[in-house]
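Please explain how the terms applied to the ligand site are justified.

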Amino acid sequence: MKIGILGAGRVGTAVARQAVRAGHSVKIATSRPASEIKLLTEVIVPGAVAVDKEELRGSDIIIVAVPLHKYRSIDTSVLAGHVVIDTMNYWAPVDGIMEEFESGHSTSEVIAEFFGDVRLVKTLNHIGYGDIEVDSYPAGDPKRRALAVASDDDDATRLVINFIDSLGYDAVNAGPLSAGKTFENGTEIFNGRHTAAQMRELLDQCQKVLAGANA
Ligand SMILES: NC(=O)c1ccc[n+]([C@@H]2O[C@H](COP(=O)([O-])OP(=O)(O)OC[C@H]3O[C@@H](n4cnc5c(N)ncnc54)[C@H](OP(=O)(O)O)[C@@H]3O)[C@@H](O)[C@H]2O)c1
């Protein structure tokens, strides 16, 4: 796949390395011109190409790995029409209090509204950047870890599930974007390593709790 990554920090570069390893074609960009991250990319993500953010257009998937408190500075025209993975988490001590993320909705629902015309999928937010490469295992390995995926777009979900699998993880479909709440900061899923079966069970439990709360 053609993978575009917006954000060349801890998460962006770790995902980029793992995507290169999986055989994907990887472009990486930040808010700055490509020339400013070219050397960093060559050294830290060999095999990926540093580009201006506009050159991420045409990617099969664009992964947004930018601090959440900076989301309003993201050039959404680059993302328009694409399948986009939202890796961002809200953590008030770092992001500051942001009223829009205190509402009880999934942060990705707020992001989806801001991004507008994108096919948003929430995942890769609940794995530490340092684990992305070391926790990867081939399909069928009993140690293989699961990652939850939430989206309102079924085709985008299928594409992202294949991508997550290529990175060395079982992807478990959590349902709509609103279900992303169940694997955000502070939840049991966010804080642990789980197999696909354990993840399914945890997601089902969370859904029951949410359904009860909404009844
Ligand atoms: N740390 C973890 O283990 C972890 C795990 C999963 C998810 N997350 C989430 O992933 C997100 C990124 O975290 P991080 O630790 O990777 O951040 P980070 O190391 O601070 O890197 C952020 C990157 O985003 C770029 N950036 C900032 N504003 C931008 C914009 N408007 N457009 C394009 N690029 C922009 C920065 O470059 P410029 O400022 O030069 O543009 C930088 O390359 C956070 O929301 C975090 O909660 C973190």
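**The ligand and its pocket**

Q: What makes up the shell around the ligand, by class?
A: The shell divides into 12 nonpolar, nine polar and three charged residues; Ala, Val, Leu, Ile, Met, Phe, Trp, Tyr, Cys and Pro count as nonpolar, Asp, Glu, Lys and Arg as charged, and the others, Gly among them, as polar. This is a predicted model, in which local features need pLDDT of at least 70 and side-chain atom pairs pLDDT 80 or more, whereas totals for chains, interfaces and linings use all residues. Residues are numbered from 1 along each chain as its sequence is written, and side-chain values use heavy atoms, without hydrogens and water.

Q: Why is the approach of serine 31 to the ligand called a polar contact?
A: A ligand oxygen is 2.4 Å from an N or O atom in the serine 31 side chain, and the pair therefore meets the definition, N or O atoms within 3.5 Å. A ligand oxygen also lies 2.9 Å from a side-chain N or O atom of arginine 10, and one is 3.3 Å from a polar backbone atom of glycine 9.

Q: How much of the ligand does the protein cover?
A: The protein covers 81% of the 890 Å² accessible on the ligand alone (Shrake-Rupley method, 1.4 Å probe).

Q: Which space does the ligand take?
A: The ligand takes the largest pocket, a conclusion that requires more than half of its atoms within 2 Å of the grid points. A pocket is an open set of points on a 1 Å grid where a 1.4 Å probe fits, with protein on both sides within 12 Å along at least five of seven lines; lining residues have an atom within 4 Å of a point. The lining comprises 33 residues, with Arg10, Ala65, Val66, Pro67 and Leu68 nearest the centre.

Note on methods
A polar contact is a pair of N or O atoms within 3.5 Å; within protein, one must be able to donate a hydrogen and the other to accept it, and residues adjacent in sequence count only if both atoms are side-chain atoms.
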